[in-house]
Amino acid sequence: MRRQGCPLCEGDGGLVVARTSRFRVVRVVEGEEASRFPAFYRLIWNDHVAEFSDLPVTDRHACMDAVTEIERSLRSLLAPAKVNLASLGNVVPHLHWHVIARFAADSHFPAPVWAAPQREGAPLRLDLAAVDAAIAQRLDDKAST
């Protein structure tokens with residue numbers, strides 16, 4: 001079910017890395033978030049629901065299994081200092097999870113990505129195409145089992 005006026009119902013929300021019947025995974029590629037945190041991914045639920053608890057139990061499990069696979073991909077390929085997980089939805093009340101690889105050299109570390117910058121961030125050389133492919137493969141493998 002889509003909701004008119006919801007940006008996550010009306011658009012993909014980023015570069016689509018994987019798409020299933022329940023959700024899509026995107027990498028944020030535009031705006032300040034993308035420039036400061038290049039390995040910033042979102043899992044966006046396809047149907048318009050506001051809260052995680054709105055999902056039936058099987059969908060909740062599928063959602064968190066996918067978030068876990070995104071995190072595993074980031075950890076194995078990028079070796080970040082930390083991976084941040086968040087589901088806020090205060091501005092856009094459409095269920096989505098932020099999965100963000102954090103590095104000691106990023107402009108905000110160790111503060112949250114939504115806090116004030118701590119310093120000028122160092123440029124990061126990341127093979128995000130490989131991360132995108134790994135996430136897609138992990139989710140495809142998970143769907144096959």
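**Figure 1. Overall fold of the protein.** The secondary structure consists of four helices and five strands, as seen in a predicted model. From the N terminus onward, these elements follow the pattern α-β-β-α-β-α-β-β-α. The C-alpha trace spans about 40 × 35 × 25 Å along its principal axes. For 145 residues, a compact globule would have a radius of gyration near 15 Å, and the value for the protein, 15 Å, agrees with this. Of the 145 residues, 41% are buried. Among contacts with a separation of 6 or more, 52% are between residues 24 or more positions apart. The exposed area is about 7900 Å², of which carbon and sulfur atoms supply 51%.

**Figure 2. The five-stranded sheet and its edges.** The five strands form an open sheet in the order 1-2-3-5-4, with antiparallel pairing. Strand 1 (15-19) and strand 4 (82-86) each have a single partner strand and stand at the edges, so one side of each is left without a neighbour in the sheet. From one strand to the next, the twist averages 20°.

**Figure 3. Strand pairing across the sheet.** Strands of a sheet pair through backbone hydrogen bonds, in either a parallel or an antiparallel arrangement. Here, strand 2 (residues 23-27) pairs with strand 3 (residues 40-45) in the antiparallel sense, over five bridges. In this pair, arginine 24 stands opposite isoleucine 44 of strand 3. Strand 3 also pairs with strand 5, again in the antiparallel sense and over five bridges. Across that pairing, isoleucine 44 stands opposite histidine 96 of strand 5. Isoleucine 44 thus has arginine 24 opposite it in one pairing and histidine 96 in the other. Strand 4 and strand 5 run antiparallel and are joined by five bridges. Valine 83 stands opposite alanine 101 of strand 5.

**Figure 4. Strand 5, covered on both faces.** Seven of the seven residues of strand 5 are buried. On one side lie His96, His98, Ile100 and Arg102, and on the other Trp97, Val99 and Ala101; both sets are buried, and both faces of the strand are covered.

**Figure 5. Helices packed on the sheet.** Strand 2 and strand 3, paired over five bridges, are touched by two helices, as described next. Helix 3 (residues 57-78) packs on the sheet and touches strand 2, strand 3, strand 4 and strand 5 (96-102). The direction of helix 3 makes about 15° with that of strand 5. Helix 4 (residues 128-144) also packs on the sheet, where strand 1, strand 2 and strand 3 are touched by this helix. The direction of helix 4 makes about 25° with that of strand 1.

**Figure 6. The nonpolar cores.** The largest nonpolar core has 26 residues, and Val25, Tyr41, Leu43 and Leu74 have the most contacts inside it. At least two residues of this core come from each of strand 1, strand 2, strand 3, helix 3, strand 5 and helix 4. Helix 3 supplies the largest share, six residues. A second, separate core has six residues, including Val28, Phe37, Ile100 and Val113.

**Figure 7. Surroundings of leucine 43.** Beyond its neighbours within four places in sequence, leucine 43 is in contact with Phe23, Arg24, Val25, Cys63, Ala66, Val67, Ile70, Leu95, His96 and Trp97. Leucine 43 is among the residues with the most contacts inside the largest nonpolar core.

**Figure 8. Valine 17 in strand 1.** Valine 17 is found in strand 1. Its relative accessibility is 13%, which is under 20%, so valine 17 counts as buried. Leaving out residues up to four places away in sequence, valine 17 touches Val25, Val26, Arg27, Tyr41, Asp132, Ile135 and Ala136. Valine 17 and isoleucine 135 are 118 residues apart along the chain, yet their C-alpha atoms are separated by 7.3 Å.

**Figure 9. Serine 107 in a loop.** Serine 107 lies in the loop between strand 5 and helix 4. Is this loop residue buried or exposed? Serine 107 has a relative accessible area of 4%, under the 20% cut-off, and is therefore buried. Not counting residues up to four places away in sequence, serine 107 touches Arg36, Phe37, Pro117, Gln118, Arg119, Glu120 and Gly121. One of these, Phe37, is also part of the second core.

Key. Residues are numbered from 1 along each chain as its sequence is written. This is a predicted model: local features need pLDDT of at least 70, side-chain atom pairs count only at pLDDT 80 or more; totals for chains, interfaces and linings use all residues. Side-chain values use heavy atoms; hydrogens and water are left out. Two strands pair if DSSP finds at least two bridges between them. Axes are lines fitted to C-alpha atoms, for helices over the stretch in contact, and angles run from 0 to 180 degrees between N-to-C directions. Contact means heavy atoms within 4.5 Å. Buried means under 20% relative accessible area, exposed over 50%, partly exposed in between (1.4 Å probe, protein chains only). The radius of gyration is taken over C-alpha atoms; the globule rule is 2.2 Å times the number of residues to the power 0.38. Accessible areas come from the Shrake-Rupley method with a 1.4 Å probe; for residues, only the protein chains shown count as cover. A nonpolar core is a set of buried Ala, Val, Leu, Ile, Met, Phe, Trp, Tyr and Cys residues joined through side-chain atoms within 4.5 Å.
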